[in-house]
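This report goes through a single chain, taking its confidence, a helix, a pocket and a loop in turn. The sequence and the coordinates are shown first.

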Amino acid sequence: MANYSHAGDHTILQNVSPLATFLKLTSLGFIIGVGVVGNLLISILLVKDKSLHRAPYYFLLDLCASDILRSAICFPFVFTSVKNGSAWTYGTLTCKVIAFLGVLSCFHTAFMLFCSWCSVLGLCCCVYR
């Protein structure tokens, strides 16, 4: 996606072939759909099955919740931006908030994966067994 935040003339960014735009939108739609539905199904399974109420599965539930929020909040803005020819039409504040949420989600996922790895190896004293 182009780094272009001016609301003025953005005809340079709209010179993308319709096939490329279609493929991008189809891919993003597929990622959004699979991300939300798949993680929601895993979350429901983790909540309903009482035998999965243990620490490693709580990490997985947290990762699912983070991925659902990213797929449901950040990706639709990217989808609309690609649909508009990679022009951001929501304003500077929304751009910064969505970018912050995307980066926060990535760092949160990395941190949770690190914590779960440490808990498997028994390295962290902050992870209760």
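The helices named below are DSSP runs of H or I with at least four residues, numbered from the N terminus. The model is a predicted one, and the mean pLDDT of the protein chain is 83, with 81% of its residues reaching 70 or more. Confidence is highest in α1, at a mean of 93, and lowest in α3, at 87.

**Helix α1**

Helix α1 covers residues 18–48, and because each of its 31 residues is taken at 1.5 Å, the expected span is 45 Å, which agrees with the 44 Å between its end C-alpha atoms. The buried residues of α1 are T21, L25, L28, I32, G35, N39, S43 and L46, and what covers them includes α2. As background to such a list, an α-helix has 3.6 residues a turn, so residues three or four places apart point the same way.

S43, which sits in helix α1, can serve as an example. S43 counts as buried because its relative accessible area of 11% is under the cut-off of 20%. Once its neighbours within four places in sequence are set aside, S43 is in contact with L61, C64 and I68.

**The second largest pocket**

The second largest pocket has a volume of about 170 Å³, and its lining is made up of A65, S66, L69, R70, I73, C74, L101, L104, S105 and H108. The elements that give two or more residues to this lining are α2 and α3, and α2 gives the most, with 6 residues. Sorted by class, the lining holds 6 nonpolar, 3 polar and 1 charged residues.

**The loop between α2 and α3**

Helix α2 (55–83) and helix α3 (92–121) are separated by a loop in which S86 lies. What is the sign of phi at S86, a residue that is not a glycine? The phi of S86 is positive, at about 65°, and as a general background, most residues other than glycine have a negative phi. With regard to accessibility, S86 is buried, because its relative accessibility is 13% and the cut-off for buried is under 20%.

The two serines discussed above are set out here with their accessibility.

| Residue | Place | Relative accessibility |
|---|---|---|
| S43 | helix α1 | 11%, buried |
| S86 | loop between α2 and α3 | 13%, buried |

Note on methods. Residues are numbered from 1 along each chain as its sequence is written. This is a predicted model: local features need pLDDT of at least 70, side-chain atom pairs count only at pLDDT 80 or more; totals for chains, interfaces and linings use all residues. Side-chain values use heavy atoms; hydrogens and water are left out. Buried means under 20% relative accessible area, exposed over 50%, partly exposed in between (1.4 Å probe, protein chains only). On a 1 Å grid over the protein atoms alone, a cavity is a set of points where a 1.4 Å probe fits but cannot get out, and a pocket is an open set with protein on both sides within 12 Å along at least five of seven lines; lining residues have an atom within 4 Å of a point. Grid points are joined across faces, edges and corners, and a volume is the space filled by probe spheres set on the points. Ala, Val, Leu, Ile, Met, Phe, Trp, Tyr, Cys and Pro count as nonpolar, Asp, Glu, Lys and Arg as charged, and the others, Gly among them, as polar. The expected span of a helix is 1.5 Å times one less than its number of residues. Contact means heavy atoms within 4.5 Å. pLDDT is the predictor's confidence in each residue, from 0 to 100.
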